[in-house]
Number of protein chains: 2
Amino acid sequence: MNAPVSTPTSAPALTKNQSLVFDVLDRADAPMSAYTILDRLRDHGFRAPLQVYRALDKLLEFGMVHRLESLNAFVACAHPESECCGKGHGHGHGTVAFAICESCGHVSEFHDHEVDHRLGDWAKAKNFKPAKTTIEIRGLCGACAA
Amino acid sequence: MNAPVSTPTSAPALTKNQSLVFDVLDRADAPMSAYTILDRLRDHGFRAPLQVYRALDKLLEFGMVHRLESLNAFVACAHPESECCGKGHGHGHGTVAFAICESCGHVSEFHDHEVDHRLGDWAKAKNFKPAKTTIEIRGLCGACAA
DNA sequence: TCAATTGCGTTATGCTATAACGTGTGTCAT
DNA sequence: ATGACACACGTTATAGCATAACGCAATTGA
Ligand SMILES: [Zn+2]
Ligand SMILES: [Zn+2]
Ligand SMILES: [Zn+2]
Ligand SMILES: [Zn+2]
């Protein structure tokens with residue numbers, strides 16, 4: 001009864017907890033910490049941080065959620081469809097960058113091919129094998145800077 | 001008696017605590033968490049995390065130390081001398097990137113002009129005002145990948 | 001001399017993340 | 001069927017990272 005429930009879509013089947021966590025993130029208009037997510041889901045039976053962290057781990061693995069390292073918080077993936085650099089695994093995308101407004105909390109997710117390649121070239125030159133790359137720009141969005 | 005002690009160098013004068021924290025980081029061959037630094041300095045009278053965090057805040061402000069967001073840890077600045085993009089404030093440097101080996105902990109700090117400008121261009125196009133940019137590549141260094 | 005500023009030390013607290021245990025439920029080869 | 005396995009789940013406890021709030025001491029510069 002705890003197995004993932006398949007859906008008519010092509011996305012990975014999510015369990016109940018995973019769906020609940022994803023829905024909260026997807027509806028949010030700013031990054032959320034695991035504990036904030038937990039509080040939002042108390043009415044749905046969530047009682048402990050691990051319930052959130054376990055769901056987040058899977059959602060991260062599926063590429064449906066991103067972790068913002070500079071905030072210790074999470075956002076639903078919002079990268080544009082039909083991205084370049086698809087790595088074959090369906091929804092997959094290459095390295096992505098985030099612009100985070102420190103005033104309103106809005107996050108813009110984007111991909112820059114050139115940046116990606118520059119960093120890849122550096123790694124190749126140094127014989128470094130990248131596993132995961134984090135790019136986060138903190139600042140003020142257009143609306144808040146005006 | 002707690003005022004900064006001036007030195008013969010051009011660097012900002014550091015207080016005793018700031019010097020102790022910086023020395024620990026400068027001698028380390030891997031990033032250190034604030035609590036690890038604290039433990040290293042118990043013999044020098046450090047008793048509480050705030051003593052470390054306050055010193056780190058200043059060292060970050062001086063640009064002598066960097067925070068690795070994906071590790072919640074700190075490293076002494078090791079960017080090459082005579083960098084481009086100097087912003088006028090002496091030691092100052094533009095956005096810097098880190099390659100972090102997940103096996104041996106070694107960190108390489110580098111600056112890539114092209115990446116910097118690409119991200120700057122994106123920001124300009126989106127009317128986003130960057131305050132601080134984080135670039136961290138986690139992976140395996142040449143020695144560990146071999 | 002009197003504020004304002006800065007650094008310091010201490011205690012307490014809050015936020016973020018994982019360890020370790022056991023349960024239930026599907027899957028699949030035997 | 002039945003056992004082994006993988007996986008999701010729930011719970012309690014603990015570990016790791018960071019700051020709030022208080023007061024004191026020294027420096028600086030009106
Ligand atoms: Zn994405
Ligand atoms: Zn904003
Ligand atoms: Zn540096
Ligand atoms: Zn290494």
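What follows is a working chat about a predicted model.

Me: Start with chain A. How many helices and strands are there in chain A?
Reply: Chain A has five helices and five strands.

Me: In what order do the elements run from the N terminus?
Reply: The order in chain A is α-α-α-β-β-β-β-α-β-α.

Me: What percentage of chain A is buried?
Reply: Of the 146 residues in chain A, 42% are buried.

Me: And the contacts with a separation of 6 or more, what share comes from residues 24 or more positions apart?
Reply: In chain A that share is 54%.

Me: Switching to the two chains together. How do helix 4 of chain A and helix 4 of chain B cross?
Reply: Both helices span residues 113-126, and their axes come within 9 Å and cross at roughly 165°. Angles over 145 degrees count as roughly antiparallel, so helix 4 of chain A is roughly antiparallel to helix 4 of chain B.

Me: Left-handed or right-handed crossing?
Reply: Helix 4 of chain A passes helix 4 of chain B in a left-handed crossing.

Me: Which residues make the contact?
Reply: On the chain A side they are A:E114, A:V115, A:R118 and A:L119. Helix 4 of chain B contributes B:E114, B:V115, B:R118 and B:L119.

Me: OK, salt bridges. How many over all chains?
Reply: The count is 12 over all chains.

Me: What does A:D39 pair with?
Reply: A:D39 forms a salt bridge with the side chain of A:R42, at 3.4 Å from N to O. A:R42 is partly exposed, with a relative accessible area of 38%.

Me: And what about B:D39?
Reply: B:D39 forms a salt bridge with B:R42, and the closest N and O atoms are 3.4 Å apart. B:R42 has 39% relative accessibility, so it counts as partly exposed.

Me: What is the partner of B:R138?
Reply: B:R138 forms a salt bridge with B:E102, with 3.0 Å between the closest N and O atoms. This pair links distant parts of the chain, 36 residues apart. B:R138 is in strand 5 (residues 129-140) of chain B, and B:E102 is in the loop between strand 3 (97-101) and strand 4 (107-110) of chain B.

Me: Is B:E102 buried, partly exposed or exposed?
Reply: B:E102 is partly exposed, at 47% relative accessibility.

Me: Back to chain A. Where is A:R138, and what does A:R138 touch?
Reply: A:R138 is in strand 5 (residues 129-140) of chain A. Leaving out residues up to four places away in sequence, A:R138 touches A:S70, A:L71, A:I100 and A:E102, along with B:F128, B:K129, B:P130, B:A131 and B:K132.

Me: How far is A:R138 from A:W122?
Reply: Their C-alpha atoms are separated by 24 Å, with the two positions 16 residues apart along the chain counted as the sequence separation.

Me: New topic, cysteines. How many disulfides?
Reply: The count is zero over all chains. Among the cysteines, B:C77 is buried at 18% relative accessibility, and B:C144 is partly exposed at 28%.

Me: Last one, backbone. What is phi of A:N72 and of A:N127?
Reply: Phi of A:N72 is near 50°, and phi of A:N127 is near 65°. Most residues other than glycine have a negative phi.

Me: Where are A:N72 and A:N127?
Reply: A:N72 is in the loop between strand 1 (65-68) and strand 2 (73-76) of chain A, and is partly exposed at 37% relative accessibility. A:N127 is in the loop between helix 4 and strand 5 of chain A, and is partly exposed at 41%.

Note on methods: Residues numbered from 1 in each chain as written. Chains lettered and ligands numbered in written order. Predicted model: local features only at pLDDT ≥ 70, side-chain atom pairs only at ≥ 80, totals over all residues. Heavy atoms only, no water. Salt bridge = Lys/Arg side-chain N within 4 Å of Asp/Glu carboxyl O. Buried < 20%, exposed > 50% of the residue type's maximum accessible area, 1.4 Å probe, protein only. Helix = DSSP H or I, 4+ residues; strand = E, 2+ residues; numbered from the N terminus. Disulfide = S-S within 2.5 Å. Axes fitted to C-alpha atoms, helices over the stretch in contact; angles between N-to-C directions. Parallel < 35°, antiparallel > 145°, perpendicular 65-115°, else oblique. Left-handed = near helix turned anticlockwise from the far one by under 90°. Contact = heavy atoms within 4.5 Å.
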